[in-house]
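Let's walk through this one together, a stop at a time. Have the viewer open and follow along.

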Amino acid sequence: MSETARRAVGVSVRDLAKDFGEKRALDGVSIDVEPGTFLVLLGPSGSGKTTLLRGVAGIDRPSSGTISIGGNVVVGGKTFVPPERRRLAMVFQDYALWPHLNVRKNVAYPLATSSLTKEDRSRRCDDLLERVGISHLSERFPNELSGGEQQRVALARALAAEVGLILFDEPLSNLDADRREQLRIEIATLTREAGATAIYITHDQSEAFALADQIGVLNQGQLIQLDTPENIYRQPATAFVARFTGIAGEFPVHVLGETSKRRAEVSLPFSSGYAIEASTMEKIAPGADLRLFVRAAGVTLAEPSHDEGVCGSIRDVAFKGHGYDHVVDVGDGYSLTKIYSSTKFERGQNVKVCFDTKSCFVMDSSREAKATW
Amino acid sequence: MAIAVLETTTPAAPPSTTRSKKRGSLGGVILWIVLFLLIIAPVGSFLILGVSPRVFQQGPQWFTLTYVRQAFSSYFGQGIFNSLWVSTIVAILSVCVATALAWLIHRTNVGGRRLWTVAMWLLLMMPTWMMTLGWGDLLQPFGAAQALGVNTHWIYGEFFGPMGIVIVLTSAALPFAYFIVSAGLQGLGPEFEDAARIHGAGPIRSLQTVLPIIAPALLSALAICFAETMSDFGVAFTLGYHSHFPMATYMLFNAISSFPANFSVAAVIAAVLIISVIPPIVLQSRVMRKRSYAVLSGRTRAPRRRELARGPRAVATTAVAGVFFVALGVPILGAVIGSLVKNLGIESPNGVHFTLTYYAQIFKPSIQGDSLGAPLLLSNQLGLVVATGTGVLAIILARRLIANPGSWSQRVTDVFLLGSVAVPGVVLGVGYIFFYNLGFISHNVVSLYKTLPLLMLALVANAVPGQTRFMAGPVSQIQPSLGDAARVHGAGRMRAWRTTNLPLMSRVLLWGWLLTFTKTIAELAISQILYPPSQEPASVSIQSYLANFAPNTGTAMTVLTLFEMLAVIGIALSVYRLVTPRGWRRVGFSGVQS
Amino acid sequence: MTTTSKPKNAVRKRFTVLALAASVASLSGVVAIVAASGAASNPGFVLYSSQGYDHASVAAFNATNPGFTVTLNDNSTGPLLQQIQAEGSNPKWGVLWVDGASAFAQLDGEGKLLHHSVPKVKFNSLGLENIPADGSFTPTGLTVTGALCYDSSQITAAQLPSTWQQLASSQYKGLVGMNDPSQSGPTFPMIAGIMSYLGKYKSGSTTRAVTAGEAFYTSLKANGLVVNAVNGATITAMEAHTISMATIQSSACYGAALTTFPSMKVTYLNPSIALPSVIGIDGKQPKLVRQDAQKFVDWVLSPAGQAVMQTGDPEGDSLFWPVITGESPSNPIIPPLSSTHAISTNPYTWGKLETQVNTWFDSNIVSGL
């Protein structure tokens, strides 16, 4: 095992809970993060992801539960290890660069308690600044930098101490779109190069999918689903997960019957009850009235003359550079959004809409129970 | 921002959690014990006499409302009424003027910005009795103005009335309002104004649209200007007296000037002063709710300045200069010139002569033994100790004040501090005698009465509330994540505080220290009642010269003390500049932007 | 790399412990010093005094090596009395020395003064008049309050009023000044004396006298009376020619005449009111302290003490008339005492009315002027 790989530490969270007065911000969350994994915690505001991250960092004290880092209990019972002894680093949403220190000193801060000589520290700083592409800014102060530059400094600072665990608190949310993509790649590359375990929180599902080895979806303080990005996308555990990870539309449907394991035939509420085959997450009874969630990727558009599919008309079209996103009305007030096609269908044009089974999920939308495994 | 604040506050946790929680509440208990000994016990000892004079052998009754009735009789009640309406007018006026000044100085390219900032600090440090001395010296018949050939007879009479009182009190309250509003403006990004302008608002209307965003700062400024004005003694004692315009603090002084002193009526008046600050606080907290003021971080940028055209710029600069001339320039001019005019106030058939005799007399030990040398040295020593002690306590209290916004403990601290600002110094001083001269304390615990340490404690108690509120604004602007980042990257609690918070607070700490230092030297009421035998502070020395028939020497002493204070400020600032890293001075703190 | 090494932690802990220990030690040291200061064999007493010559007196007395030290607490009369009252039943003062006897009458009424403390010296008649029956306080000198001080460059002696009532006549409209009794200690005794004189007071109820006095001052106010806070302010008003005469304390006028105001002269209406400087001993102090205090009081009334009083503040409080027969004032500017027509008032009677009269004066004469 390489030295960088040895550096990575695992994180184990058991039944973590946190109350703020009456409000329960975290409700018995348990997660195991293997060393070297890039875990993304995904969820809306108030889902508890920030609370969880701050609990791991040691900035906030959980109400109950245990946290272990690298096999050592840092929170549990009477134990509470303060942040400075947990051997981790963190990149903050607002960068948290010290305004009275220049870039070089900000980056060098974690090295102050190291055993490196002054020359080594200086060299390390230079390397990091070079690596994140800001060595020309080393003497500047934070308020003289753009948002993207500041976040690079924060990233360099997090990498300086060569720790085994790096935490990211929505680091891209304050950046412009183009910078966001650039920096996302930097974060992904540098963290993996450094060989650290990463816990990254965001509310942006595309960011989560792009970065993660594993995604944990949180809602209202509970962990709903923990899985690979592919599985989350293809087999969302609950309606919430499905919605949060991007759907083109959802409709109430009537279940006609199971066609095979994890497949069922359902009739749509439009197009005179047109039936399609959809994926199921669990056993469902025929005759049940459930909800269908449709991923945009599972919908194709065709000319009206096409045999299969339901009739629809284009309400709006947007050029995306590599193709077009359409909003399609399918009748009875229902519509689908972000339907991609490399060719353009004009506004008002009639089309046929085809559904791919793998990208359509039928489930009970009241099923929001905690993931059980 | 709100979430960040929410998640730094840690309300009651189950008992299984933590040493740090216990440490936090132990710290709170110790703090309140210190505050009890410093402020609550002495002030309480005085106030209780309002209804229970027998507690400290000031009357036969264990409980009576006689003195409450007396305090609201027409004689004393007039003073209370006058103080209330004058304080209200002064608060509103000073906030309006301060807001205009703050806007011009921080958001436009008005000329002389650094000068105005320094002038505002000077105004903050100047005691009101010095201001009235200067005005009096200037305007009196055969005064400084007349020595310069300007006839001021027509304005002299007008000045000794409510008009002059409002002018001087507004000048005194101006700096409080200015610094609080400036801090509020720092969090007001230019985008709000831009949005208003884009949607059709002219410059005035966009200002009107945007100002309510800093309503909390404005209300806070109103509250503190009101409290400071209610408790002012200098103007009430000099201008108020000469204008036959009694104010509450003067009536309080009157009540205890006879022998036997009527401490009980004085206690009721003091209680009224303290209670009168509650409505402004309630109003302020209702508007502020749980808003976070954390805006100072690495992302803070200096607000964009509006570039005024030459004409408007000249007008604005003149207006600002005018305000400072009236508030500060006039009294200083009056005092300085007054100290140089031979026989000021006396018609001289030979015309006006300027002289330095009074300065020469300052350091000559007179037969009474009171030259200015020893008292001034003592005052400086007091200032040093008191400013340092106050600084430490104020920082601790300021952090408590800004943590848990909206919680009951924060509100109690807020009311307590502002109420303490409203306590007149003489009440604190006499209260110290009552409490620390109690038999069981002086015989069994420690005998502090008539010692220098007790005087120091009382002066610290006097300075802490004001300095805490002064520091709370800037301290609350420090983003919590800066400290979190330090902890997470390996710094222990102390190192994190020392390397992140301390540099950002260094300017605040320095100016707070200087403020208390100068305030201590100029402080009169407490010093007079508590100074140990043969250890007379400078302010007491000066007053005895001014009150007897050596007012010219007294004026010269005043001017010299003022310049000595300025010299200390200059030295302190130079040392700060030399000693601190460049980065420390980069951090914008309202009023002293580099 | 971010681990804080164990040795560093230990060093830090040790340092903290040391720092705490040092603070505790120094604090105990301070407490010990403060406590020890009270443990000397004969610590003497504290003199509360507002007299201009008190520094000189205390220095001179201590130099006679009496075996104890007199510590001087010099302050204005107001703060001194506030301190005494606030100290309550745990007094710190051993001796009080201020102008005017009403404070002493009050203290005597509260049982706080040592009786029979008057030194055995030959007092002149005014001196004797100011010694109470229980010997609880002693006059040490006399000034006159209600002396008619005038600016001889503005008004001649011939033009001056010869009676108090004449002050209210139109020729003196706006020319007369006086002090505010709530600010100026010597002023209430003057008002009390005027009330006593105008109401022909002998004994019993003072109501008639008070009414007569109130009527008098009301008439003065109608005639443009100028009220300033204290002697210094009134004299400044004279120097500025706002007023040309004032009924204030003799020593203040003589002091001004000797220094900044050469044209200041003093005359005396009939009657004027004697204002003694008075000294008294705290009867609640331990026996040793009372004995020490008595030694000091005896010394003040001795020729040596009187000499220091007369030279200690030559342009201020030293300008007094002695209360001892055979002694003369320190400065030739001071005329014989007989020429002042000075009378004394009973502080036990009039002292009780001070608050009432001052309040009336403040509401009716000072306010709205």
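The centres of domain 1 and domain 2 of chain C, taken over C-alpha atoms, are 26 Å apart. Domain 1 of chain C covers 45-142 + 275-334, and domain 2 covers 144-274 + 348-366; such bounds come from an automatic or database domain assignment. This is a predicted model, where local features need pLDDT of at least 70 and side-chain atom pairs count only at pLDDT 80 or more, while totals for chains, interfaces and linings use all residues. Residues are numbered from 1 along each chain as its sequence is written, and chains are lettered from A and ligands numbered from 1 in the order in which they are written.

Where the two domains of chain C meet, 18 residues of domain 1 are in contact with 18 residues of domain 2 (contact puts the C-beta atoms, placed from the backbone, within 7 Å). On the domain 1 side, helix 4 (102-109) and strand 9 of chain C are the elements that give two or more residues. Helix 4 of chain C gives the most, with 3 residues. Helices here are DSSP runs of H or I with at least four residues, strands are runs of E with at least two, and both are numbered from the N terminus.

Strand 9 of chain C (272-281) has something odd just ahead of it: C:Pro271 sits in the loop between strand 8 (264-267) and strand 9, and the peptide bond from C:Asn270 to C:Pro271 is cis, with omega near 0°. Most peptide bonds are trans, and most residues other than glycine have a negative phi.

That brings us to phi. C:Asn65 has a positive phi, near 50°, in the loop between helix 2 (54-63) and strand 2 (70-74) of chain C. C:Asn65 counts as exposed because it has 7 C-beta neighbours inside 10 Å; the cut-offs are 20 or more other C-beta atoms within 10 Å for buried, 12 or fewer for exposed, and partly exposed in between, with C-beta atoms placed from the backbone. Over in chain A, A:Lys338 also isn't a glycine, yet its phi is positive at about 55°. A:Lys338 lies in strand 19 (residues 334-341) of chain A and, with 18 such neighbours, counts as partly exposed.

Stay in chain A for the barrel: 5 strands close up in the order 12-13-14-21-15, with mixed pairing. From one strand to the next, the twist averages 55°. Strands 15 (residues 289-294) and 21 (residues 360-363) of chain A run antiparallel, joined by 4 bridges; pairing takes at least two bridges found by DSSP. Across that pair, A:Arg291 stands opposite A:Met363.

Methods. Axes are lines fitted to C-alpha atoms, for helices over the stretch in contact, and angles run from 0 to 180 degrees between N-to-C directions.
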